[in-house]
Amino acid sequence: MAQVHDVAVVGGGLLGASIAWGLARLGQKVVVLDEGDAVRRASRANFALVWVQGKGAGMPPYANWSVEASRQWPGFAEALEEQTGLDVHYQRPGGFHICLNEDELAARQRVVEGMYAQGAPEGYGLEMTSREDLEKALPEIGPEVVGASYSPHDGHVNSLRTFRALHEGLRAFGADYRPDHMVDAIEPQPGGGFVLHTEQGRVEAAKVVLAAGNGNERLAPHVGLFAPMMPTRGQIIVTERVRPFLHYPLGTLRQTDEGTVMIGDSKEDVLDDGETRVPVSTVMADRARRTFPLLNRLNVVRTWSGIRVMTRDGFPVYDQSASAPGAFVACCHSGVTLASMHALDLARRIRDGGLGGALAPFSARRFADAPETLLNSDAAA
Amino acid sequence: MSVLRSDNYDLVVVGAGPAGIAAAAAAAKAGATTLLLDENAGPGGQVWRGLTSTPLTNRDMLGKDFWDGQLELEKLRSSGAEVLQRATVWSIDPSLQVGISHGGASRIVQARRIVIATGAMERPFPIPGWTLPGVMTAGAAQTMLKSSGLVPSEPTVIAGQGPLLWLLAGQILRMGGRIDVMLDTTPKGAFAAALPKAFGFLTTPYFRKGLKMLREVRSKVRIIKHVTRIEAQGDGQLERVVWETAGGKRGEMASRLLLLHQGVVPNVNLAMSTGAAHDWDGLQLCWRPRLDDDGQTTVPGIYVAGDGAGIGGVGVALARGRVAARAALTSLGKSGQDADLSAARAELAKANRGREFLDLLYKPAEQFRIPEGDTIVCRCEEVRASDIRSAVDIGASGPNQLKAYLRTGMGPCQGRLCGLTVTELMAKARGTTPEQIGYYRLRAPVKPLTLSELADLPMEPEAVKAVVR
Amino acid sequence: MTPMFSHIPADQRPTLEIFVDGQSVRARRGDTVSAALLASGLDVRRDSAVSGVPRLPYCMMGVCFECLVTIDGVGNRQGCLIPVAPGMRVEIQRGKRELGK
Ligand SMILES: Cc1cc2nc3c(=O)[nH]c(=O)nc-3n(C[C@H](O)[C@H](O)[C@H](O)COP(=O)(O)OP(=O)(O)OC[C@H]3O[C@@H](n4cnc5c(N)ncnc54)[C@H](O)[C@@H]3O)c2cc1C
Ligand code: FES
């Protein structure tokens, strides 16, 4: 059977778009199949941090992967701008996680120590900051702030513009992006290659990458893969535009390049993203104003909620299928942070046909109920 | 915010125009605890704006229709309903909790039933230059006239179509205001298309009023018919209006003020934010809430009355308000309301006559709804028609993906001034229907409120757990 | 500049004093801030928050948010919904709001 496409990427969110962009940049013929306009899309609902501190507590390779992502971001942002003319405003001034009382401070201290105890990456730089030092960076903090943790690798980006740049870039590379193409089923073909079924008809490709967010859980078994997901809902508040006042991103508060202030974020086991809950906004608003009392009089213009793409243990899953080689799956929460790795590193591995030993720890084989059909990454290497 | 008598009401009505006033009065009179909320300084909504405060106390100036409002207001006053002005409703959730902002503080009130009567707004009129200072809606001029006795006093062009346009022009002239030119954008042939429906129309008072209005304006203003293109030009403010007619004639006039109007559409933001289903109305070219016969939305307990339910005018709004209120009370088991409900339904049927005619006659032309080139579509975020067309090219299949690419609809007006244009423009660019394209997903707050108002609301332990972790 | 709008002679409401960027302006009781500004004859155009282009009120009914002004030190308020009060201090906005204002 003649393959029209080298790779079909299922899902056109940040994850799918980053991988597809990376593949197309390497000269692959890529088709991206995505759902329609009104679907859950974490790529439109996220907080836009490129965030390293605390990531990978309990899984050192993920901590490394996150630090590497932060290091690769400047080059990634540059490549996007060069291609599309869109400045995605990546900034890495370092970021703070603010503590509002001694208990929070002690808990944060334990997180920091834990990261070093498990073997932190080279040049990790995560440290606790006293209130006095914090005041130098953030003179407007409120009296309740007792301290923070700080990581030099943390930063933020305009994630919506990144999303758009990826889609513009895909088009410029000649990739075929198809919205309103929800994939119902995927059939591996006997001689290799895949047929993907959508309501608008079938699509054929030599390889397939599942990047359908929480939708991966349903699609993965079609090609002998495993993606156990545990989505949660997150809510975010955004204010009107104000002149720049906040020059560092905080874990739950940042000022965007457009001037708006974003306040995050909650975590609930509810999967209706059509609703935002006022009581949840109240708690978030209260923490924000205790952090910066000057925010009190700012107007809130919107709140929204999104469903996080989250694996069962919270760490990324990258795998290739043993029963249907050429089928890959990628799921993770932090699609903004990791976009650089997905575009520049993961895409190359997929083109080359194997994920390699470096990604072996991310195989879903780590879950006790994983099927036999997962190809371990070292074997593929 | 301690001004409210209670935290619990049988009925909360949002919007104190004709529909809201009628609904609140009917409900309170029947013994329901009723709260009527409105963000303006006084009651009246659009038609009766400034009812209690207008400087135009000479009764001829605003006409009988206006002063009829006082009768309805009297009924409201004697009904026992609690009324709060300058109160903005920024949230309604499916459990019928209503978020209210008043005097810089917010409060949540529990309702057993809700009537949303937030009325209509003028249809966006995205022509080149419509963001220039000096370009306003005709409705804005009417508001200034009714509530402040202000009329245009410099060279003025009024442009667009629809009964309201003529009514407003008539009111301004009668008050000694200035209008130099009227650019009538009613497409050629529209009148003929509407004529078969004229019968229903003839039996309503609209018709007589309509003729008188037309005559009055025609005698005083230079009228240019079948205008197909309008542009507002100027450097930092309006300096001249340029136009072209179907016959290919061009014209221009130096002016300080351009008043735009091409009909009104339901203001659906609050209703949509509750999750109530809305459908595209192919005749009125706008979104309408999906309602049962009594005005109940697809969210149980939430009703929509008045122009927010579909454009119908004052009579229809009053009738819809009463129908919704009585149906809400009936569902709460308040007895003795059934007779009233059927009377209200009959009133509504009568008031509805003639509407379809107006809709057909005044269906605005495509070029004034779906702009070309780099005309601004989203005023707040300054997004242009050409930006939207390029976003469609890279794969935006609807308003929500568009928002992600371009920030359309993310400014303070929350899509009110661009939403319809975006839906229709995308439908055309993608060769599909407005239904298929859909609308922005709207969520609370539908109107901005300060962070401290939000933060000062009561803390729920379960919400604290969702955030502090 | 002559104002685009003038009061009709029949309007006999009492006036009150407000301050627009520090300048004393007579407004009529019952007017909204936006109506008072448009009738004042002053240049009351604000600069937009996105690109700084000049804007004036558009809808006068609370939907377009073109009438944003700073009132008594609080920024981004909808002038078309707020009635004038004696001694009110109104500032025309220049671009984005400042935090704490
Ligand atoms: C509240 C919140 C805050 C966040 N904050 C951050 C942050 O600060 N930093 C960070 O790095 N990350 C953050 N994230 C996560 C980030 O947004 C996601 O990691 C990223 O968007 C995930 O990309 P995705 O492509 O996997 O998922 P999505 O963006 O959800 O995209 C999945 C796509 O797949 C499509 N799809 C699903 N099923 C099918 C099918 N069967 N056929 C075809 N298409 C299908 C969907 O329509 C969708 O377009 C946050 C997320 C949330 C919800
Ligand atoms: S002028 Fe439109 S909201 Fe005030």
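These legends walk through several close-up views of a predicted model.

**View 1. Where chain A meets chain B.**
Let us start with the contact between chains A and B, to which chain A brings 54 residues and chain B brings 47 residues. Together the two sides bury about 4200 Å², and carbon and sulfur atoms give 57% of that area. The charged and polar links can be counted too: there are 6 salt bridges across this interface, along with 22 residue pairs in polar contact. Which elements of chain A give two or more residues to the side that touches chain B? They are α6 (159-172), α8 (278-291) and β15 (299-307) of chain A. Of these, α8(A) supplies the largest share, 12 residues.

**View 2. A salt bridge from chain B to chain A.**
Here the view moves in on B:Arg407 and A:Glu258, which form a salt bridge. Their closest N and O atoms are 3.1 Å apart. To place the partner in chain A, note that domain 3 of that chain spans residues 232-307, a range to look at again in the next view.

**View 3. Domain 1 and domain 3 within chain A.**
Chain A is divided into domain 1 (4-49 + 160-228 + 313-375), domain 2 (95-152) and domain 3 (232-307). This view is about domains 1 and 3 of chain A, whose centres, taken over C-alpha atoms, are separated by 30 Å. Where they touch, 9 residues of domain 1 of chain A are in contact with 18 residues of domain 3 of chain A. The area buried between them is about 970 Å², with 56% of it given by carbon and sulfur atoms. Which residues of domain 1 of chain A lose the most area to domain 3 of chain A? Look for A:Arg40, A:Ala45 and A:Phe47, which together make up 60% of what the domain 1 side buries.

**View 4. Charged and polar links between the same two domains of chain A.**
Between domain 1 of chain A and domain 3 of chain A there are 2 salt bridges. The pair to find in this view is A:Asp257 and A:Arg161, whose side chains meet in a salt bridge with an N to O distance of 3.4 Å. Polar contacts join the two domains as well, with 4 residue pairs across this interface.

**View 5. Domain 2 and domain 3 within chain B.**
Turning to chain B, the division is into domain 1 (8-121 + 265-357), domain 2 (124-262) and domain 3 (370-437). The centres of domains 2 and 3 of chain B, taken over C-alpha atoms, lie 26 Å apart. On the domain 2 side 6 residues take part in the contact, and on the domain 3 side 9 residues do. About 670 Å² is buried between these domains of chain B, and carbon and sulfur atoms give 64% of it. Three residues are worth finding here: B:Pro124, B:Pro126 and B:Trp130 supply 72% of the area that domain 2 of chain B buries against domain 3 of chain B, more than any other three residues. How many salt bridges are counted between domain 2 and domain 3 of chain B? The count is 0, while 2 residue pairs are in polar contact.

**View 6. An open sheet in chain B.**
This sheet has 3 strands in the order β13-β14-β15 (chain B), and their pairing is antiparallel. Why do β13 and β15 of chain B each have one side without a neighbour in the sheet? Both β13 (227-233) and β15 (250-254) stand at the edges with a single partner strand each, so one side of each strand is left free of a neighbour in the sheet. On average, neighbouring strands of this sheet are turned by 15° against each other, direction ignored. Strand β14 (residues 240-245) of chain B pairs with β15(B) over 5 bridges. To follow one of these pairings, start at B:Val242 and look across to its bridge partner in β15(B), B:Glu252.

**View 7. Where chain B meets chain C.**
The last view shows a contact that takes 50 residues from chain B and 39 residues from chain C. The buried area is about 3700 Å², and carbon and sulfur atoms give 60% of it. In chain B, the residues that lose the most area to chain C are B:Leu150, B:Arg256 and B:Glu382, together 15% of what that side buries. B:Glu382 also meets C:Arg55 in a salt bridge, with 4.0 Å from N to O. Across the interface there are 2 salt bridges and 17 residue pairs in polar contact. Among the elements of chain B that give two or more residues to this side are β7 (120-122), α3 (138-148) and β16 (257-262). With 6 residues, α3(B) gives the most.

Key:
Residues numbered from 1 in each chain as written. Chains lettered and ligands numbered in written order. Predicted model: local features only at pLDDT ≥ 70, side-chain atom pairs only at ≥ 80, totals over all residues. Heavy atoms only, no water. Pairing = 2+ DSSP bridges. Helix = DSSP H or I, 4+ residues; strand = E, 2+ residues; numbered from the N terminus. Axes fitted to C-alpha atoms, helices over the stretch in contact; angles between N-to-C directions. Domains from an automatic or database assignment. Contact = heavy atoms within 4.5 Å. Buried area = accessible area lost by both parts, 1.4 Å probe. Polar contact = N/O pair within 3.5 Å; in protein donor to acceptor, adjacent residues only side chain to side chain.
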